[in-house]
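Reader: I should be grateful for a close look at one part of this protein. The sequence and structure are shown below, and my question follows them.

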Amino acid sequence: MNETFQRAVSAVAESNLLVVATGAGMSKESGIPTFRDSLDGLWARYDPQELATREGFRHDPPRVWGWYNYRRKLISELEPHGGHRAIARLEALLPQVVVVTQNIDGFHRLAGSTGVLELHGNINRFKCYDRDHPVEEEVPLACQDGPVEPPRCGRCGSPLRPDVVWFGEMLPPGVFEQAETLARSCDAMLVVGTSGIVYPAAALPMSARSGGATVIEVNVEPSEVTPTVDVFLQGAAGEVLPALVAAVEEERSRAN
Ligand code: BV8
């Protein structure tokens with residue numbers, strides 16, 4: 001086992017509080033394109049800077065609702081991979097594990113993680129555009145692709161929207177503050193599959209470092225975060241995480 005990997009294993013195995021901060025790269029091996037994929041990536045095909053905004057929705061509700069419907073349909077046909085399950089496994093091995101994700105696919109919970117903070121919301125939760133009225137009933141997937149007229153709020157008639165955080169919107173009250181407190185007080189942070197471009201999520205690894213944590217990044221290539229981490233494990237989340245968690249399990253069973 002090389003020294004870099006061993007350093008990561010020891011930091012995770014000895015942690016009392018581990019924070020796992022994940023981005024779109026975490027779900028890439030499940031088949032969900034990241035925002036930076038050049039070919040079929042969401043960022044390339046539909047500029048989220050334009051569509052994932054209040055202005056974008058107001059300008060063309062069917063186009064934005066149709067984009068989320070396309071993404072929801074894709075996610076509904078896919079599932080978490082071994083990397084998600086490895087992170088969930090850590091909860092049985094360590095005193096406290098919290099996942100702080102930028103992803104809206106719900107895959108960490110689906111894989112069995114129970115301590116999950118969704119910084120940017122969830123694509124399968126809805127509210128109305130004008131008053132943020134929550135939507136209790138099921139919102140069926142529209143079968144057609146392309147623009148789709150959004151359903152209306154049962155209480156005020158406003159168009160529905162996904163309960164996600166759009167660019168220019170504040171994160172849900174308290175969620176980022178909670179994530180920031182966890183980052184500052186954790187012993188180790190795993191940063192997985194994020195380019196480290198979108199704020200305030202991108203500030204969390206620095207918060208962890210300033211709180212004295214060992215920060216470990218798992219990514220197929222260096223990111224904006226890499227210069228600030230203690231350990232960079234180059235590789236795919238679906239390969240590196242299962243190997244890392246197996247080594248952590250081995251180290252903890254030897255220690256007990
Ligand atoms: C905010 C939900 C306060 C929706 C998302 C002007 C006005 C207002 C704000 C701003 C502004 N200018 C800048 C800002 C701040 C802005 C921001 O950061 N912009 C960026 C573009 C500079 N942030 C905001 O607006 C935030 N709110 O600041 O509120 C405020 C409010 C008003 C006025 C002032 C301030 C809200 C941001 C949240 C936006 N919503 N998602 C939806 O999904 O539709 S963001 C979305 O994009 C994701 O959630 C994620 O956060 C981001 C994509 O980043 P990543 O997840 O990192 O993915 P990416 O594709 O970039 O990278 C993938 C990585 O994985 C790569 O490194 C790759 O190498 C790696 N990888 C690939 N395969 C694998 C892998 N790694 C491991 N294994 C693999 N197999």
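With which residue does Glu 118 form a salt bridge, and how far apart are the closest N and O atoms? Please set the answer in the context of the surrounding charged residues and the two domains.

Author: The model is a predicted one. In it, Glu 118 forms a salt bridge with Arg 125, and the closest N and O atoms of this pair are 3.7 Å apart. The side chain of Glu 118 also meets that of Arg 109 in a salt bridge, with an N to O distance of 3.3 Å. Arg 125 in turn forms a salt bridge with Asp 163, where the closest N and O atoms lie 2.8 Å apart. Glu 118 is thus joined to Arg 109 and to Arg 125, while Arg 125 is joined to Asp 163 as well. In general terms, side chains of opposite charge can pair when their charged atoms come close.

The accessibility of these residues may be considered next. Glu 118 is buried, at a relative accessible area of 10%. Arg 109, by contrast, is partly exposed, with a value of 41%. Arg 125 likewise counts as partly exposed, at 36% relative accessibility. A search of the whole structure finds 14 salt bridges, among them the pairing of Glu 118 with Arg 125.

As to the domains, the assignment gives domain 1 as 3-31 + 80-120 + 170-255 and domain 2 as 41-77 + 126-164. By these bounds, Arg 109 and Glu 118 fall in domain 1, Asp 163 falls in domain 2, and Arg 125 lies in neither. The C-alpha centres of the two domains are 29 Å apart. Where the domains meet, 5 residues of domain 1 are in contact with 5 residues of domain 2. Domain 1 and domain 2 bury about 390 Å² between them, and 76% of that area is on carbon and sulfur atoms. On the side of domain 1 that touches domain 2, the residues comprise 2 nonpolar, 2 polar and 1 charged. The rule finds 0 salt bridges across this interface, and 0 residue pairs in polar contact with both at pLDDT 80 or more.

The cysteines complete the account. A search of the whole structure finds 0 disulfides. Cys 128 is in no disulfide, and the nearest cysteine sulfur, belonging to Cys 156, is 3.7 Å away. Cys 128 is buried, with a relative accessible area of 0%, and Cys 186 also counts as buried, at 3%.

How values were computed. Residues are numbered from 1 along each chain as its sequence is written. This is a predicted model: local features need pLDDT of at least 70, side-chain atom pairs count only at pLDDT 80 or more; totals for chains, interfaces and linings use all residues. Side-chain values use heavy atoms; hydrogens and water are left out. A disulfide is a pair of cysteine sulfur atoms within 2.5 Å. Buried means under 20% relative accessible area, exposed over 50%, partly exposed in between (1.4 Å probe, protein chains only). Domain bounds come from an automatic or database domain assignment. Contact means heavy atoms within 4.5 Å. Buried area is the accessible area (1.4 Å probe) that two parts lose on being put together, summed over both. A salt bridge is a side-chain nitrogen of Lys or Arg within 4 Å of a carboxyl oxygen of Asp or Glu. A polar contact is a pair of N or O atoms within 3.5 Å; within protein, one must be able to donate a hydrogen and the other to accept it, and residues adjacent in sequence count only if both atoms are side-chain atoms. Ala, Val, Leu, Ile, Met, Phe, Trp, Tyr, Cys and Pro count as nonpolar, Asp, Glu, Lys and Arg as charged, and the others, Gly among them, as polar.
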